[in-house]
Amino acid sequence: MSDTLATNVPTYPFGNAGLDPLLPDLGPDGVGRVQLPTGQQAWLFTRHEHLRELLRSPDFSSDFTRPGFPLIRPIPEDMPRRPDGSLIRMDPPEHTKFRRMLTPEFMIKHIRTLEPLIRQTVVDALAEMRAAGQPADLVEHFALPVPSMVICHLLGVPYTDHDYFQERSRILLAWSSPPEQVRVAIEELRDYLTRLIAARRGEPGEDLISRLAAERVATGEMTEEELVGLSVLLLIAGHETTSNMIGLSTLVLLEHPEQLRQLRERPELIDDTVEELLRYLTIVRTGLTRVAVADTDVGGHRVAAGEGVIALLSAANRDTDVFPDGAEFDLNRGSHQHMAFGFGIHQCIGQPLARAELRIALSEMITRLPGLALAVDADEVRYRDAVVFGVQRLPVTW
C-alpha cells in the first residue's frame, strides 16, 4: 500500500448476514480501500467489469509469498507460506504446467462418464434419508455426503475416512480457528494424503491420485510433495463448495415456492436454475486476493506495484449493470455471465463436476421428496462463519 494509508476505511471481511452478502457503500464506481485483520490495507473492487479486467491481467499475482499480498488472516509462523502443489497460489508458467495436468480429469466429456455414479450416489443418499425418518438435517444426510463420496471416488480416497478429512476441512475454513489449529489441521491432512499416495503407488487403482503418481511423479514431472498439495486442495474444494451449494440452494428454492413449483413443472429449467443459484449465492464471499506486480490501472484507479487487491465476486454477481435486479433470485434470468467460479486463468477447474452434481442432486431431490419443506422457521437457520459460505444445519420434512 502507498506510504499514506487511507483513513476511516471499513474492516474486511464483512461477515455473513444470511443469503444476502454484506456489501459496503463504495460510491458509484464500486472501488475503495479496506482494512484487513492482519493490519494491512487493500483495494476492494466490486464491479463486474473491473473484476474481469483485474482477474485476467498478468499484472496481478496469486502468489501470496510476494511482499504486499493481502492476507485476510495470519499464517502461522512455522507453516509454509505456500505449500508445494498449491495450485490456487501459483502464477504462470508454474500454474499453467500443473493445470494442464489436471484439465483432462475435469473436462465435460469426462465428467459425463461420472454422471451415472453421481446419480446413484444421490438416489442412495435420498433413500437413506427417507428411511431415517423426518425431520432430517439435509446437510448431514444429503448435502455433505454426496459430494464427499464423489470426490473420494474421483481421487481414490476411502470414504470411510470422511469424518477425518471433513473435520480438518472445517477447521481450515472456519474464521474462528486459531492459527495453531490451522497449522495442525493442514499438517494432518498432508500426512494422511502422503500415506495414501504411498499406498496407491504400491497398489494403483483407477483413480486420479494413482494416475498422477504413475504418470507424473514417477516421470519426474511432479514431486510427491506437489501431488500431496494438489490432493489436499482437490479433496477440500471438491466436497466443501458443492456441499454448501446444495444446502443453500435448497434453502433458496424453499424460500421461493413459486419458482420451485415452476422448476417441478418444467424440469428442463434445471441448468438455468443452477446458474442462477451460483450467481445469487456466490459462496466464496471473501472474494479473490491478488497483489500487483507492476503499476497498473483498474477502473480508472492506479494500483501501485506491491499493493494488494480483493476482487469481491459476490458484489460483481449482483452488479445491476449486468444483472438487473441482481439482489433478487430469478431462475429465468439466464445468468451465464456470473463469476461464481472466478474468472481468468484461475477459474475453478472443477466447475463441470460441480455443475453436474448440483444439477443431478437438485433434480432428484425435488422429484423424490414431494412436499419438501423447512422443519424450522427460516430465521432459525444458522449460517457458517467460514471462508466458504453455507448453512450449519437444514432441518427439513417432506
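This short talk walks through two sheets, three helices and one loop residue in the structure above. Keep in mind that this is a predicted model.

Let's start with the five-stranded sheet. The sheet is open, and its strands come in the order 1-2-8-5-3. The pairing is mixed. Which strands stand at the edges? Strand 1, residues 31-35, and strand 3, residues 60-61. Each has a single partner strand, so one side of each has no neighbour in the sheet.

Now look at strand 1. An edge place in the sheet does not tell us about burial, so let's check that on its own. Four of the five residues of strand 1 are buried, so the rest of the structure largely encloses this strand.

Next, the partner of strand 1. Strand 1 and strand 2 are antiparallel, and five bridges hold the pairing. You can find two of the opposite pairs yourselves. Gly32 faces Leu44 of strand 2. Arg33 stands opposite Trp43, also in strand 2. These two strands form a hairpin, with five residues between them. Look for Gly39 in that hairpin: its phi is positive, near 95°.

On to strand 2. How many of its five residues are buried? Five of five, so the strand is mostly covered. In a regular strand, side chains alternate between the two faces of the sheet. So let's take the faces in turn. On one side of strand 2 sit Gln41, Trp43 and Phe45. On the other side sit Ala42 and Leu44. All of these are buried, and both faces are covered.

Strand 2 has another neighbour. It covers residues 41-45, and it also pairs with strand 8, residues 308-311. This pairing is parallel, over three bridges. Trp43 has Val309 as its bridge partner in strand 8. Phe45 stands opposite Ala311 in strand 8. So follow Trp43 across the sheet: Arg33 stands opposite Trp43 in one pairing, and Val309 is its bridge partner in strand 8.

Just before strand 8 there is a loop. Ala304 lies in the loop between strand 7, residues 301-303, and strand 8. Is Ala304 buried or partly exposed? Its relative accessibility is 27%, so Ala304 counts as partly exposed. Leaving aside residues up to four places away in sequence, Ala304 touches Ala292, Ala294 and Asp295. Now compare Ala304 with Gly371. They are 67 residues apart in sequence, and their C-alpha atoms are 55 Å apart in space.

Now the second sheet. This one is open too, with three strands in the order 4-10-9 and antiparallel pairing. Strand 4, residues 136-137, and strand 9, residues 373-374, are at the edges. Each has a single partner strand, so one side of each is left without a neighbour in the sheet. Strand 9 and strand 10, residues 395-397, run antiparallel and are joined by two bridges. There, Leu374 stands opposite Val396 of strand 10.

Let's move to the helices. First, helix 6, residues 162-173, and helix 7, residues 179-202. Their axes come within 9 Å and cross at roughly 145°. The crossing is left-handed. Who meets whom? From helix 6 we have Tyr164, Phe165, Arg168, Ile171 and Leu172. From helix 7, the residues include Val182, Ala185, Leu189 and Tyr192. What is the make-up of this contact? Nine nonpolar residues, one polar and two charged.

Helix 7 has a second contact, with helix 9, residues 224-255. Here the axes are 9 Å apart, and the angle is about 115°. The two helices therefore count as roughly perpendicular. This crossing is right-handed. On the helix 7 side, the contact residues include Ile186, Leu193, Thr194 and Arg201. On the helix 9 side, look for Glu224, Val228 and Leu235, among others. This contact divides into nine nonpolar, three polar and four charged residues.

One last thing to spot. Ile186 and Leu189 of helix 7 meet residues in helix 6, and Ile186 and Leu189 also meet residues in helix 9. Find those two on the structure, and you can trace both helix contacts from there.

Note on methods: Residues are numbered from 1 along each chain as its sequence is written. This is a predicted model: local features need pLDDT of at least 70, side-chain atom pairs count only at pLDDT 80 or more; totals for chains, interfaces and linings use all residues. Side-chain values use heavy atoms; hydrogens and water are left out. Two strands pair if DSSP finds at least two bridges between them. Axes are lines fitted to C-alpha atoms, for helices over the stretch in contact, and angles run from 0 to 180 degrees between N-to-C directions. A crossing is left-handed if the near helix is turned anticlockwise from the far one by less than a right angle, and right-handed if clockwise. Contact means heavy atoms within 4.5 Å. Ala, Val, Leu, Ile, Met, Phe, Trp, Tyr, Cys and Pro count as nonpolar, Asp, Glu, Lys and Arg as charged, and the others, Gly among them, as polar. Angles under 35 degrees count as roughly parallel, over 145 as roughly antiparallel, 65 to 115 as roughly perpendicular and the rest as oblique. Buried means under 20% relative accessible area, exposed over 50%, partly exposed in between (1.4 Å probe, protein chains only).
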